Amino acid sequence: GEGGTGQMVKEALGQNRLGSHMSIAVHPGNSATVYIAWTDRTGATGTVLHVSRSTDSGVTWTEILTVTNGLNPALAVTSAGTAGCLYQQLVGTRWETHLRRRTNTGTTWTDLILSNTPDNNPAPLFQPYLGDYCDLMSVGNNFYGVFSASNIPDSANFPQGVKYQRNANFTTHQLR
């Protein structure tokens, strides 16, 4: 229900509700390699997003990524074995949407910020404010994803560029 839950969430992590944020992906060329992501609540005011990998069909797991105040994870693995993790992270009063990538044998993640939008503009009228999902899939060696963000048409909020599927004026920051 909404009621007091929305206020608790706002205080806990921006304008977003907290829930069971989980994702799983399997390497399409090697079913023994499995990735899983989830979000834990830490104390009264934050979360930690975890990504773990198993190379033995889930018998043992190794944590390979943690993100403070991260949520909405979505995992996918390309045919070449590159793992992708799309997620959102509250940084101050802004929501950043990240696409992190890591090769199957690598130990470091690349980090691409797809959006960096205000936590409270436009003003929230209902929960969830941010949305409660992200999705990522791979086709061949490419990733394709979708996520929710503030829909104020402002190019500064989208460092990699953006295309709206509706008429928008990026000069006056108005949707039409």
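**Reading aromatic pairs, a surface patch and a buried strand**

Modeller: Ring pairs link Phe158, Tyr164 and Phe170 into a cluster, and since this is a predicted model, what follows is a reading of computed values.

Biologist: How many aromatic pairs are there, and how is such a pair described?

Modeller: In general, a pair of aromatic rings is described by the distance of the centres and the angle of the planes. Here the count comes to two aromatic pairs. In the pair of Phe158 and Tyr164 the ring centres are 6.4 Å apart and the planes stand at 90°, so this pair is edge-to-face, given that planes over 60 degrees apart count as such. Tyr164 also pairs with Phe170, again edge-to-face, with 5.2 Å from centre to centre and 85° between the planes.

Biologist: Which of these residues are buried and which are partly exposed?

Modeller: The idea is to compare the relative accessible area with a cut-off, buried being under 20%. Phe158, with a relative accessible area of 7%, is therefore buried, whereas Tyr164, at 21%, is partly exposed, and Phe170, at 29%, is partly exposed as well.

Biologist: Which residues form a nonpolar patch on the surface?

Modeller: A residue can enter a patch if its relative accessible area is over 30%. In this model Met137, Val139 and Tyr144 form a nonpolar patch on the surface, and together they have about 300 Å² of accessible area. Met137 belongs to strand 9, which covers residues 134-139, and with 44% relative accessibility Met137 counts as partly exposed.

Biologist: Where is Leu75, and how far apart are the C-alpha atoms of Leu75 and Met137?

Modeller: Leu75 sits in strand 5, residues 70-77, and its C-alpha atom is separated by 7.3 Å from that of Met137, although the two residues are 62 residues apart along the chain. At 7% relative accessibility, Leu75 counts as buried. Leaving aside neighbours within four places in sequence, the residues in contact with Leu75 include Ile24, Tyr35, Ile36, Val51, Cys85 and Leu136.

Biologist: What lies 3.0 Å from the backbone oxygen of Gly70?

Modeller: For a polar contact, one looks for a pair of N or O atoms within 3.5 Å. In this case a polar atom of the side chain of Thr47 lies 3.0 Å from the backbone oxygen of Gly70. Thr47 is found in strand 3, residues 46-54, and at 2% relative accessibility Thr47 counts as buried.

Methods
Residues numbered from 1 in each chain as written. Predicted model: local features only at pLDDT ≥ 70, side-chain atom pairs only at ≥ 80, totals over all residues. Heavy atoms only, no water. Phe/Tyr/Trp six-rings, centres within 6.5 Å; stacked < 30°, edge-to-face > 60°. Buried < 20%, exposed > 50% of the residue type's maximum accessible area, 1.4 Å probe, protein only. Patch = residues over 30% accessible without salt bridge, like charges linked within 9 Å, V, L, I, M, F, W, Y side chains within 5 Å. Areas by Shrake-Rupley, 256 points an atom, 1.4 Å probe, with all protein chains shown as cover. Salt bridge = Lys/Arg side-chain N within 4 Å of Asp/Glu carboxyl O. Helix = DSSP H or I, 4+ residues; strand = E, 2+ residues; numbered from the N terminus. Polar contact = N/O pair within 3.5 Å; in protein donor to acceptor, adjacent residues only side chain to side chain. Contact = heavy atoms within 4.5 Å.
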